Every structure is written in C-alpha cells, then in structure tokens.
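Biologist: Could you take a close look at the salt bridges in this one for me? I'd like to hear where the partners sit and how open they are to solvent.

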Amino acid sequence: MNQYNDSVINLIKRTSKLEKKHVLINDLLNKNKEENFDFNRNFVQKHYLLDKNYQKDSLTYSKILFNHYSKLYFFVEPDTILSYIKGMISYLRGSTTPELQNMLYEFQLLEATVIGRMGYALTELRMLSELYPKLLKSNNTLLLYRYNFNLALIYYQYNETQKSLDFLYKVIHEKKLTQEVQRYKGVSYILLASNYLKLNQPDSIRKYNRMAAQFLTRKVLSHIIYISRYHSINAYLLALDKNFVEAYKNIDSAYNIAVERNNDGEILYSNFMKARCFALQKRYDEAIDLYKYILANSPVLMLNIYKSYILRNLLDVYKQTGKIEKVYDTYDELLEFQEEETQRTKEMQIEELDYNFKLNEKLNEIEKLRITNEKAEVTKQRNRIFIVSLVILMVFLAGISLLIHKNNVRKRQLAMNQYALLEARLEEERQNKKIYEMQLLKQVEDRERNRIANDLHDSLGGLLSSVKTALYSLQERQEDNTEDKAHIDQILGYVGECKQELQRIVYNLTPLVVEKFGFVEAIKQYCKKLQNEQLKIDLQLISVPANIVMEDEIMLYRIIQEVLYNITKHAHASHALVQIQSNKEGMMMIIIEDNGQGISADVMEVNAGLGLRSLYSRVSSLKGKINIESEKGQGTVVNIICYPKLKDIV
C-alpha cells in the first residue's frame, strides 16, 4: 500500500491539470479510507488543506475535504477538527450555487455534531434549530436524515427516550433512501435498540439489534464504534438467554473495539453490559465491583447518560444480596442524581421551547416569503402568458407567411424538377440511342469482319495453297537446274509468309479461339503469340468469372487486343503488364501498363485515331469507363472498369 501511495503522490506532483489532480487525490483517499485513515489525515493536512491551487475548484475541494477528512472527527482532536470546520464554513459562506450551499449546510451540521460530541448538547440543539429552515429549503434527504439523527442522539443523551424514538422513526421510514443514507441505517437501528434497552423491552431490543447487523460493516469507518455497541447489546441479550459464554465473548469484542478507537462512551457501555451479565449470572460481588468502578472512573459527560440506569441496577443487586444499608445509600444517590437530571431536563426543555419558538418564527417567515413569492409568481405567470400568447400569434403569422413562401418555392422547385426530369429523360433517350447505334454498329462490324475473314480464308487461302502445290510440283521437275530450284524455294517462302499473314489477319478479324476455348484461354494465347525478344508481357488473371456471355467475351478480347496492339506499334516498350480481376458485384477491372515512351495528354487528344475511338466505344458498350494515364518518357497505364453480362449458372 505504501508503494502505491508513493507512486500516486508522485503522479499528482507531476500532473499540471487541476481536474486530473483532484481525480488522483480522490482515488488515493478512497483507497485508504477505511483501513488507513491516519494516512488520509496526514495527507490532507500536509498536502491539500491549505493549498490555494486546489481551492480554485470550490465544489470538488469541499467534497473531498468533507468525505475524506471531516468524517475523521472521531479520531482527531476536537479542537483541531472544530477549527478546520469553522474555516470551511467561512470559506463557503456567501456561496450562491445550490451545490455549494448544500456543502455549507453539511459543514454547519457537522459543526453542531462535533460540539455535541464534546458534551455541549444544548449548544448543538440551538445550532440545529438555526439550521433546520435552511435544510427544509434545500430539500436534501441526506442532510435532513443527519439532522433527525442528531436530534435523536441529543434526546437519547438526556434520557428522553420517546422523543429520541420519534426522530429515529423518521430516519428509518425515510422513503427517498439514497445510497449514502442507506449506509447509515445500521447506526439508526443500533440507537433504537439502545433506547429500548433503557426502556427494558427485550423483544424490541432483539428486533432492532438484529436489523442493525444487516447493515453494519467494518468497511465503513463510522460504523466501527457502533459495531462495539452492537456487541455490547448482543451480550446482554445472550445473557438473558443464559448463554453466558457467548455473552462474555461479545463483551470482549465490544470492549476491544472501544479501546482500539479510544472511545470512552463505548468503554463505559461495554462495562455496564458486562456488569448486567454478572448480575444475571448471579455473580453479584463482581457486578457490584464493576458498577462501582464505572461510577468512579468514567468521564462525567458520558456517565450522566447512563448513571441513573447504573444506580438502579446496582440498587437491584444490593437488594438481591440483602445489603440494606447499601440499598439506602444507593437510593439516596439515585434521588440526588435524578434531581440534577431533572434540572438539566428543565434546561433542555427551556432551550427546546426557545428552539420551537425560533423555529416557528422562521417557518412563519418562510411561509410569508412563500406567499409573497406565489403572488409574484402569479403576476409573472400572467405576464408570461400574455407574452407567450403574443409570441405564439407572431409565430403563427410568421408560420403562415413562411408556409405561403415555401409553397411558392415548392411550386417553382417542382416545375424546375419536372423540367430537369424531362431533360434527364431526353438525355437518357439520347444515350440509349447512342448505345443502340453502337451495338448495331458492333453487330454490323462483327458480321462484316466474319464475312471478310471467311472470304479471305476460303478464296485467297485456297489460291495460296494451290500456288504452293504447283510450285512444289514445278520444283520436282527442276532436279537438274539448281538455279531455278533455288528461285522456286524463295517463291515458296514468300507464299508461306503470305499464308501466315493471311492467317493472322483472319485471326484478328474473327477470334475463333474465344468462341472455341473462352476468353481466358484466348487472352493467354494472344499474349504468348504477341510476346517476343523485344517485348515481355506479364498476364495476371485474378478471379475472372467463367460465365461471361460470348458477345461480351469477344468485346473484352477486342479491348485488350487493341491496347496491346497499340503498345507493340507505338510504345517502344520492353515490358507490359496485363491484370484482370472482378468482384462479387460483377464489376471487372482491367489494368494494362507498359514502360514505353509514353505520350502527353495534348498529343493523345490531337492524335486520337480510329483505334482509340473504337476502344472508348467498346468500353462504353460494356457500361464501363476508361482512364489513360501517360507522360512523355514515363510509360502508360490504361485503367478500365466495366460490367460484362453474365450467364445464369444452372
């Protein structure tokens, strides 16, 4: 824990932001709240209490001090804590925000509580009477709870048990129980059990002592003293049941806690209950000795709360032992003390009458102020209604004007939209017509290509084959004429080249390989065929669909064929890359790039020939777009995005 505390303190010193410092300090004090309250007390006194930098955030500063320092008044010298509380009241006095006013009431209530713990119950009562109207006005459940509990404690100390019970019932029957108030219910139940013990009502003592056990915990610092009281009362109940072994164990627990916390009141109370246990066990001599010890050695302020009950119990023990003289002496002492107690009670009643008189005066003032405020509020409400009505009328008229204006704007906008829609439809019809013309042109072009290719193949191809056959026959007859034979070989070579060129032209006109083997295989063969020592072509096929309709496969083939032909003809490139891929939505992306000489955009626009226009036309027919990026000497990149039609897969 020490290592953790040191690390957090160092972090606080290094942090510059006040808000962050407060968060760290609150976490640090929470961590040490229950088990290491000495650390909290020392830290607040040395590092926090007088630091003006922390006081800049008044609300957080006040909350941290109240939650982590003020509640240590049981364990700090009363004069020290009282001086600090008065300083905080002075610091918060004049605050205007509800939150800071509530914190001021918290400290004023705590001041009264500390003064009461010092033995000045009448002064505490006077302070509470002055504070009560403010607490009512704040409507703070926790503050009203503490107020009622403090009054219950005052009347308990003056043996006005019925009044003490009345205020305690207000506490435990509070409906708006916050989590903070809930933590104090066990304390209220303990005080109820203590009152009923004074009235000697065992059933009620058992009930409320058992209920207190459900709420009291050592994890809450303020509960620890009341845990001592719980064990003392429980010991008496066990003794009534003749379970003296467990009774004395509880007495020891109560006494040890009281000694550990240096609480004279609970030391006295645990000894008082121990003496009663001795008497119930008929250990009269030990009971007498302990009663005498309590009367002789207990602080006067604490003794006055229980003296009449101690004397009555001592009187009963003397009666049981037959010590008549002691009975008379004790009875005289009891009468004398009761006279003193009656005088103190009269003083308290006078103070209480004064308290009630002042309270009624303040309540009357509050009522008068409330009536005045209500009248002012009614007038204000009427003015507000008039102003609101006027505003509503103006807003209504403005709304009507706005609606009329909007209606006119809407009509104009509707007319413009209709005109724009007609324009869009007209443009769509133009585009559809253009696409239809392109598709028709493509169909005518394909049919014409097929016709020319078939004519060339059937006629010119057959003629070349016949010429080649005739030349072979002539060559066989020229066995002796070497010069003619060589000349015929040369002619045969020309004829072979013509036939290859014819086959190339026919292949370009009608890519039968696409129809026979499909688009992918056709592209592979074309790239392999086009590649030579001067040009290397890399083909990358990534997820190409196999169900493209034949017409679009041919169109894709034509597009790639046109781009690669332009590379071989114009680019003077040594390397080209063809990448084809598609996605699930049917979009196909084709990227063709080379490392050739490139061409500027201006030159490209001026020299755009039939091939380039044909390329744009083919891409457009596939509902696609083409983008050509090129610079002189930097090569060319052709990006094509299109949407070929797909066949349904059965």
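Modeller: Glu-427 comes out as partly exposed, because its relative accessible area is 37% and the partly exposed class runs between 20% and 50%. Bear in mind that this is a predicted model. The partner of Glu-427 is Arg-430, and the closest N and O atoms of that salt bridge are 2.9 Å apart. Arg-430 has a relative accessible area of 43%, so it counts as partly exposed too. This one is a local affair: both residues belong to helix α18 (residues 324-477), three residues apart, or about one turn of the helix.

In total, the structure has eight salt bridges. Among them is one between the side chains of Arg-146 and Glu-106, at 2.1 Å from N to O. That pair ties together distant parts of the chain, with Arg-146 in helix α8 (residues 141-157) and Glu-106 in helix α6 (residues 98-117), 40 residues apart. Here Arg-146 and Glu-106 are both buried.

Then there's Asp-241 with Arg-206, whose closest N and O atoms are 2.9 Å apart. This pair also links distant parts of the chain: Asp-241 is in the loop between α13 (224-240) and α14 (244-260), while Arg-206 is in helix α12 (residues 202-213), 35 residues away. Asp-241 has 45% relative accessibility, so it's partly exposed. Arg-206 is at 25%, and therefore falls in the partly exposed class as well, since buried would mean under 20%.

Technical notes. Residues numbered from 1 in each chain as written. Predicted model: local features only at pLDDT ≥ 70, side-chain atom pairs only at ≥ 80, totals over all residues. Heavy atoms only, no water. Salt bridge = Lys/Arg side-chain N within 4 Å of Asp/Glu carboxyl O. Helix = DSSP H or I, 4+ residues; strand = E, 2+ residues; numbered from the N terminus. Buried < 20%, exposed > 50% of the residue type's maximum accessible area, 1.4 Å probe, protein only.
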